[in-house]
Amino acid sequence: MKKKLVSIAALALVAGVVTSCGGTSGTPSNEKPLIFYNRQPLKAGTSDVDTSVMNWSDLTFYGGFDAVAGGETQGQMIVDYIKEHAAEMDRNGDGTIGYVLAIGQNSHNDSMARTIGVRTALGTGTTADDTTATGTGSITANDGVTYTIKELATQEMRDAAGPWSQTVAASTMAGWINQYGDQIDLVVSNNDGMAEGMIGQYGGAVIPTFGYDANASTLELILQGGSMKGTISQNHHAQVLTVLEVLRNYFDGATGADLYTKGFTTPDASGNQIKSASVAYDSTTKALLAENGIVTIDNAQSVLNDEADPGIVNTTSDTETRQILWTVYSATDNFLNQSYVPTVQRYLKYYNFEVTWVYGDGTAESSITNNFVNLENYDAYVVNMVETTSGALYQDLLDQAS
Ligand code: BGC
C-alpha cells in the first residue's frame with residue numbers, strides 16, 4: 001500500500017509546511033506531549049508495558065481502554081449466552097459446544113487479553129497462544145444440562161496488509177467449516193472486522209458469533225438478529241477524549257496530576273468533563289484506561305446512535321490553533337478507521353486542534369517513521385505504532401529533532 005499523509009484541515013496541509021504560531025514554538029520536540037494510544041508500548045515478547053518508554057518524559061502517556069477487564073467482560077458475555085442458549089447452539093447434539101477463535105495480533109496486548117479472557121471464562125486455557133489449547137471446559141446451562149466446551153481451532157489473522165485481517169479471517173473460516181462442519185457451535189473473534197469476515201462464510205447457518213469494538217457495521221448485524229450476537233464497546237469516545245483532554249490541559253498550563261484529572265474527575269479549564277464512560281488512571285504505566293461495555297441486541301441501537309459525549313459542550317477560549325501530529329498504524333484497520341478516527345474529527349473543534357494524520361501500511365514501522373518528520377512544527381504527538389515494541393524509536397526521532 002502507498003504511504004499516505006492526510007490532513008483533515010480544510011486546506012491541504014503537508015507536514016513540511018505546517019507552522020505553529022507561538023505557545024510551544026521554541027520548545028524542543030522532546031519536551032512536548034507524546035501520547036501513545038490503541039497500541040500500548042510493550043516489552044518484546046510479553047504483555048508487560050514497557051515502563052522505560054512510558055517514563056521517557058513527564059508528558060508521555062497512554063490513552064486507551066482497560067484491555068484485561070475487556071477480555072474478561074467478553075468472556076463473561078459469551079458464558080452468559082451459552083448458559084441461556086446451549087441446547088439450541090449444539091448443532092450436532094453431541095453435548096459439546098465447539099468453538100473457533102480468531103486472534104487479531106499475537107504481539108498486541110488487547111488481542112492477548114481477549115484471548116485469555118475468553119479461554120479463562122470458558123475453561124479452555126489461560127494463555128494467549130495461537131495454538132489450540134488442549135483444555136476442555138464445561139458449562140452448566142440454565143436448563144441444568146452440563147456441556148463440554150472445546151476450542152477446535154485458532155489462528156492469528158495476518159496477511160501482507162498486517163494483522164487483524166478480515167480477509168484472512170474469512171478464508172480461514174471457510175477452511176474450518178470444511179474441516180469441522182457442525183462441530184462449530186460458536187465463533188469468537190478478537191475484533192468485529194474479523195467476525196464479520198467469518199460470518200460471510202456460514203452459508204445461511206446461524207452460528208452465534210461474538211466480536212469486539214462495537215463498530216457500526218457490526219451493530220447493524222446484531223440488530224438484524226442473525227449470527228452476530230454480541231460485541232464489546234471499548235468506549236471510543238472516552239478514549240479519544242482522553243487524548244484530547246490531556247493535550248488541552250497541557251496547552252492550558254496544567255502540570256502534574258492536573259494533566260489527567262482535569263476533564264476526567266473535575267471539569268477542565270473550559271468546563272468540559274468526560275461523561276460517556278469512566279476513565280481510570282494507572283500510575284505505574286501512565287495509562288488512562290476507559291471502561292468497556294457489553295453490547296447485545298438489547299442495547300445495540302443506542303450504541304449505534306453514536307451520540308456525542310454529553311460532558312463535552314464548551315469550546316476552548318484558547319485562540320491559538322494547536323498543531324498535532326497523529327499517526328495511525330494502518331489505513332485499513334476496521335476499528336481505527338470506522339470508529340476511532342471519525343470520533344477524533346468530531347471533537348477537534350472544541351479543542352482548537354488541527355491534526356496532520358500520518359497513516360502506516362500496517363506492517364512496516366518505516367511507513368510511519370518516514371513521515372514522522374518536521375517535528376518542530378507540531379505542538380504535540382499522538383502515536384499509534386505498527387509494532388508495540390517501537391516506542392523508543394519515536395522517542396529517538398523526537399530527541400534528534402530537539
Ligand atoms: C481493536 C482492533 C484493532 C486494533 C488495532 C484493537 O483495540 O479492538 O479492532 O484492529 O486495536 O491496533
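Around the ligand stand 13 residues, of which N38, D110, R114, D213 and D333 come nearest; a residue counts as near when one of its heavy atoms lies within 4 Å of the molecule. This is a predicted model, in which local features need pLDDT of at least 70 and side-chain atom pairs count only at pLDDT 80 or more, while totals for chains, interfaces and linings use all residues. Residues are numbered from 1 along each chain as its sequence is written, and side-chain values use heavy atoms, with hydrogens and water left out.

By class, the shell around the ligand has four nonpolar, four polar and five charged residues, where Asp, Glu, Lys and Arg count as charged, Ala, Val, Leu, Ile, Met, Phe, Trp, Tyr, Cys and Pro as nonpolar, and the others, Gly among them, as polar. Oxygen atoms of the ligand take part in polar contacts (pairs of N or O atoms within 3.5 Å): a polar side-chain atom of D213 lies 2.5 Å from one ligand oxygen, the side chain of H108 places an N or O atom 3.0 Å from a ligand oxygen, and for Q234 the distance is 3.1 Å. The protein covers 100% of the 310 Å² of accessible area that the ligand has on its own, as found by the Shrake-Rupley method with a 1.4 Å probe.

Domain 1 (2-63 + 236-291 + 315-401) and domain 2 (68-233) both give residues to the shell around the ligand, so the ligand lies between them; the domain bounds come from an automatic or database domain assignment.

Note on methods: A polar contact is a pair of N or O atoms within 3.5 Å; within protein, one must be able to donate a hydrogen and the other to accept it, and residues adjacent in sequence count only if both atoms are side-chain atoms.
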